[in-house]
Amino acid sequence: MSAVESPGELLKGEAVPGAGQGVLALYREPYGPVHLCSADGLRGVALEEFGPVSEPVPYRGRKGIITYWPVATREQTVVCGSLRQWRLAMELDFEPAWAAFSASPVELRWRAGGRERRWRPDFLARTADGEREVLVLKPSGKESLPVARIEVLEEVARAAGWRVRQVREPSGLRGRNLGWLAGYRFPTGDEEDQGRALLEAFRAPAGLRAGVVASGLDELAGLDLAYRMLWQRRLLFDVAQPLLPDAVAWAA
């Protein structure tokens, strides 16, 4: 990394008097240097298109795994520092409300209680209507992150023009359904003619297997395409029900 030397020396001195005052941010442009700025210097920066400042590492004293999520609609691979981040990346990729997202593309540094604090919020995302949001995962079994940390993040977000949202990763039945569909998220070739046949077969709600048979397509290839169209939201289904071959679906 270049452009920032001895980052640990940046914030030596007295504790910061306010929650987010004196917060510094580090981010790295794709294939470029690391940038250092104040919170208001983040306004307008497309962090949702950048990678992490540096390769993530597992939390000290905890088991962790580095995972990679190739985004379905963009030429981008999101680097995740935990399985919880990976699961949330899957949901962000599935939901059309999100146009772009990146895991931990910015590191915040400040002093509090005589100590230097460092934190990389989980995701920076841009919504379909152009708003930027910083998304942080709620701790397991708790409703919120520590108040002091949220205060810092909210003050940075005000300066940067972001919204703050605390979220949970998909779990249970929703997590299993999304995990199944994610395996079908990439097109395998020119499927427009077959896709039109499926849309016609699902004009009225029908079981997946029954709809594929009605379309005249090969059953196995047709089911694969039906799952892919569910991921693309060209077909819809009841997310509260298991996504079995006989699950009911209908054209969007």
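Reader: In what order do the 4 strands of the open sheet stand?
Author: This is a predicted model, in which local features need pLDDT (the predictor's confidence in each residue, from 0 to 100) of at least 70, side-chain atom pairs count only at pLDDT 80 or more, and totals for chains, interfaces and linings use all residues. Helices (H or I, at least four residues) and strands (E, at least two) are DSSP runs, numbered from the N terminus, and two strands pair if DSSP finds at least two bridges between them. The pairing in this open sheet is antiparallel, and the order is E2-E1-E6-E7.

Reader: Which are the edge strands of this sheet?
Author: An edge strand here pairs on one side only. This holds for strand E2 (34-38) and strand E7 (115-119).

Reader: Which residue of E6 is the bridge partner of Leu24?
Author: Strand E1 (residues 24-28) and strand E6 (residues 106-112) pair in the antiparallel sense, over 4 bridges. For Leu24, the bridge partner in E6 is Arg109.

Reader: Over which residues does pLDDT stay under 50?
Author: The protein chain averages a pLDDT of 87, and 88% of the residues score at least 70. Residues are numbered from 1 along each chain as its sequence is written, and side-chain values use heavy atoms, with hydrogens and water left out. Where pLDDT is low, the predicted coordinates should not be read in detail. The stretch with pLDDT under 50 is residues 1-20.

Reader: Why is strand E8 described as largely enclosed, and how many of its residues are buried?
Author: Buried means under 20% relative accessible area, exposed over 50%, and partly exposed in between (1.4 Å probe, protein chains only). Phe123, Ala125 and Thr127 point one way from E8, whereas Leu124 and Arg126 point the other way, and all are buried. Strand E8 (residues 123-127) is largely enclosed by the rest of the structure because the buried residues number 5 of the 5.

Reader: Which residue in the turn of the E8 and E9 hairpin has a positive phi?
Author: E8 runs antiparallel to strand E9 (residues 132-137), and 4 bridges join them. One of the bridge pairs is formed by Arg126 and its partner in E9, Arg132. The hairpin has 4 residues between its strands, and the turn residue with a positive phi, of about 90°, is Gly130.

Reader: Which element gives the most residues to the largest nonpolar core?
Author: A nonpolar core is a set of buried Ala, Val, Leu, Ile, Met, Phe, Trp, Tyr and Cys residues joined through side-chain atoms within 4.5 Å. The largest one has 39 residues, and those with the most contacts inside it are Trp69, Phe101, Phe123, Leu208 and Leu230. With 7 residues, the element that gives the most is H6.

Reader: With which side chain does the side chain of Arg228 make a polar contact?
Author: Arg228 lies in helix H6 (residues 219-231) and is buried, with a relative accessible area of 6%. A polar contact is a pair of N or O atoms within 3.5 Å; within protein, one must be able to donate a hydrogen and the other to accept it, and residues adjacent in sequence count only if both atoms are side-chain atoms. At 2.8 Å, the partner side chain is that of Glu191.

Reader: Is Ala252 buried or exposed?
Author: Ala252 is found in the segment after strand E13 (248-251). Beyond four places in sequence, Ala252 touches Arg233, Arg234, Leu235 and Leu236, contact meaning heavy atoms within 4.5 Å. Because its relative accessibility is 69%, Ala252 counts as exposed.
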